[in-house]
Amino acid sequence: MNLDKQIAALQADLNAAIHVTYLTGAGVSTPSHIPDYRSKNGIYNGISESPEQILSEETLFHQPAKFHHFVMENMYFPDAKPNIIHKKIAASCNKNGTLITQNVDGLDKKAGNKHVIEFHGDLYNIYCTKCHEKISYNSYKNSYIHEKDQGIIRPGIILYGESINEKILTKSVENIHNSDLVIIAGTSFVVYPFAQLLTYRQAKAKVWVVNNTNISTSNGVPTIIDNAEKVFDKLYI
Ligand SMILES: [Zn+2]
């Protein structure tokens, strides 16, 4: 099937859907110039380490300078703007849908999406690990130590080795279960347990994948292998 026909088929399913769930990842934010941090290594004191090693509680508490350096260099892009994918998904969710995103950049909320589940948390939900006081991005940018009590400051994102919040997990499963259409976009869909969410869908639910490469889940699922920005631009929502 050519691209236009595939998009028309996706559009028809979208028009007929009662409730849509979107599952998104880094590929949705790369057109907003946010690089996928999973593909970045941190170089600190001349030593290169994987994001899995750096984005851990171990590094946060025992090498806080390294942790802070990595997130500031590779994850925070406060001037980034939502792109057409965020905007179209926001319009669709505000009508009859929910977005469950792996992204921690806050761009879906910036796009006005009122039904966002941030599966891995939010980079801008910054707090002191000692007193739990909220900290502004600008204060965190300047220091990872809370002046008041010397507590280490952290972003409210799920670090490697930490579990997904139970409420978030339950809400995500409920949403998938109550949807008759699931659209997976901009994710290689390999991160556990996010990728498992799809197993909670109704048997009759339709599933689409929009990604620049094939993903393992796309077995038997209609898949548009193309630039997600181009595809969403053509969807009428
Ligand atoms: Zn504090």
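**Exercise 1. Find the partner of lysine 109 in a salt bridge whose closest approach is 3.1 Å, N to O.**

Step 1: Look for the side chain that meets lysine 109 at that distance; it belongs to glutamate 118, and the two form a salt bridge (3.1 Å, N to O). Keep in mind that you're working with a predicted model.

Step 2: Ask why such a pair shows up at all. Side chains of opposite charge can pair when their charged atoms come close.

Step 3: Check how open each partner is. Lysine 109 has 40% relative accessibility, so it counts as partly exposed. Glutamate 118 sits at 17%, so it counts as buried, since the cut-off for buried is under 20%.

**Exercise 2. Which salt bridge does lysine 109 make with a side chain in strand E6, and how many residues apart are the two?**

Step 1: The side chain to pick is aspartate 122, which meets lysine 109 in a salt bridge at 2.7 Å, N to O.

Step 2: Place both ends. Lysine 109 lies in helix H6 (residues 107-110) and aspartate 122 in strand E6, 13 residues apart, so the pair links distant parts of the chain.

Step 3: Now the accessibility. Aspartate 122 has a relative accessible area of 12%, so it's buried.

Step 4: Put the pieces together: salt bridges with shared partners join Lys109, Glu118 and Asp122 into one network.

**Exercise 3. Is lysine 148 buried or exposed, and what does it pair with?**

Step 1: Start with the pairing. Lysine 148 forms a salt bridge with glutamate 133, and their closest N and O atoms are 2.4 Å apart.

Step 2: Locate the two. Glutamate 133 is in the loop between E6 and strand E7 (134-135), while lysine 148 is in the loop between H7 and E8, 15 residues apart.

Step 3: Compare with the cut-off for exposed, which is over 50%. Lysine 148 has 59% relative accessibility, so it's exposed. Glutamate 133, at 33%, is partly exposed.

Step 4: For the overall tally, the structure has 8 salt bridges.

**Exercise 4. Which residues coordinate the zinc ion?**

Step 1: List the donors: Cys128 (SG), Cys131 (SG), His146 (ND1) and Asp149, which is listed twice through OD, at 2.1 to 2.5 Å.

Step 2: Read their spacing along the chain: C-x2-C-x14-H-x2-D.

Step 3: See how far the site reaches. Cysteine 128 is in strand E6 (residues 121-128), and aspartate 149 is in the loop between helix H7 (137-142) and strand E8 (153-157), 21 residues apart.

Step 4: Finish with cysteine 128: its relative accessibility is 0%, so it counts as buried.

Notes:
Residues are numbered from 1 along each chain as its sequence is written. This is a predicted model: local features need pLDDT of at least 70, side-chain atom pairs count only at pLDDT 80 or more; totals for chains, interfaces and linings use all residues. Side-chain values use heavy atoms; hydrogens and water are left out. Donors are N, O and S atoms within 2.8 Å of the metal (3.2 Å for Na, K and Ca); water is not among the atoms, so sites may look incomplete. Helices (H or I, at least four residues) and strands (E, at least two) are DSSP runs, numbered from the N terminus. Buried means under 20% relative accessible area, exposed over 50%, partly exposed in between (1.4 Å probe, protein chains only). A salt bridge is a side-chain nitrogen of Lys or Arg within 4 Å of a carboxyl oxygen of Asp or Glu.
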